[in-house]
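Biologist: Could you take me through one part of this model up close, the place where the two domains meet? I'm new to this, so please explain the terms as you go.

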Amino acid sequence: MAAGLVGAMTGQAADALTAATFELHLEEIQEEMIDGEVLFALAYRDPVTRLIRPPMQVVEGATISLKLVNKTRKPRRFALTGFAADRFPLLAPGASQTVAFVAPSAGSYIYHENAEGPVGRLVGLHGPLVVMPVNGRTALGTKTPYTDPTAAQAALFDALGASARFPGEPWRHDLHERNFVWMFGSVDPALNRQVELNRAIDIAGLRSKFMPRYFTLNGLSGYDASHDLATAPHGHEGEPVLIRTMNAGLATHSPHIHGNHIFTIADVDSGSLAVRKSTSIVECDSWNVPPLWRKDVLLPFIKPDDIPDAAWPPREESFPLFYPMHCHMEMSQTAGGGNYPQGLLTHWEMVGPRKAGK
Ligand SMILES: [Cu+2]
């Protein structure tokens, strides 16, 4: 089970799976914000690793058996983007139940909680679900993260490591360091406090009253996110990285990246929130991610465009090269009402030139 939850970002192992078993506990926790404030919060927790909001990785079409244990004081309902809101049963306080579902099409999903609309999700009951394809190969045999990749996706993945534009290696599904999840969150301590006090919440008025003071990336903010090895990609030139950006919060975000442009390879249908493979891939330096959206982007790890060819590899300013990613929704860059830049941001790092022979 633990192997299935965390550290299972290796598609080779996942390729063989037709069934997977998971266990998540819904817990009331204390969580420290970037400015030292400690808030009451909720979280899904892996009971073995003790990690909160753990990533789950499964293979498309596999039968997933998920044991849920509700350790909170309210009825809760597990939810999954792209599934009907009442697909899973309401779980009474103290109850546990195993639910089963078939892993949807390959792509990025958010698991969350919806017994009181978005309240549980905003207070911390959420996490990423990554669905890998059974095969995912292009006509040329290149591995991609999607079943029956579109012509545009195939063109990009076939070009990685096999063209002047993208020298180096193809995308590697089987290496942790080439696959990242960036889960965005927004925290309003007033809402957390209401849940802590078990007060009735005006769900209809929530959107207009929600005033986030903290913005998180994988549960971290500011320098914590910038220096988290599970969040900030590191690699050599020519080692492309897939980043699954997802938004569990209530604010629309606009991540913006320095150094390289990214390529949007999949997002979601704006109505059903089902995964949508890109049929026209756009190169961009910022991309919008509304609440519950997922956008998979490829960071190519190529020579930054603003460095002349003749100055590459760099000599005067040597490796490693650090570049930031920060959200362009400016409010999200602060914490605690003004502590800048301790909001939704991180870094990526090119540690060296192309490895010999790549
Ligand atoms: Cu910038």
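Modeller: Sure! Between domain 1 and domain 2, about 2300 Å² of area is buried, and carbon and sulfur atoms give 67% of that. Buried area here is the accessible area (1.4 Å probe) that two parts lose on being put together, summed over both. Keep in mind that this is a predicted model: local features need pLDDT of at least 70, side-chain atom pairs count only at pLDDT 80 or more, and totals for chains, interfaces and linings use all residues. Residues are numbered from 1 along each chain as its sequence is written, and side-chain values use heavy atoms, leaving out hydrogens and water.

What about charges? You'll find zero salt bridges between domain 1 and domain 2 (that would be a side-chain nitrogen of Lys or Arg within 4 Å of a carboxyl oxygen of Asp or Glu). There are, though, seven residue pairs in polar contact between domain 1 and domain 2, both residues at pLDDT 80 or more. A polar contact is a pair of N or O atoms within 3.5 Å; within protein, one must be able to donate a hydrogen and the other to accept it, and residues adjacent in sequence count only if both atoms are side-chain atoms.

On the side of domain 1 that touches domain 2, helix 2 (11-15), strand 8 (107-113), helix 3 (119-122) and strand 10 (127-132) each give two or more residues. Helices (H or I, at least four residues) and strands (E, at least two) are DSSP runs, numbered from the N terminus. Strand 8 gives the largest share of that side, five residues.
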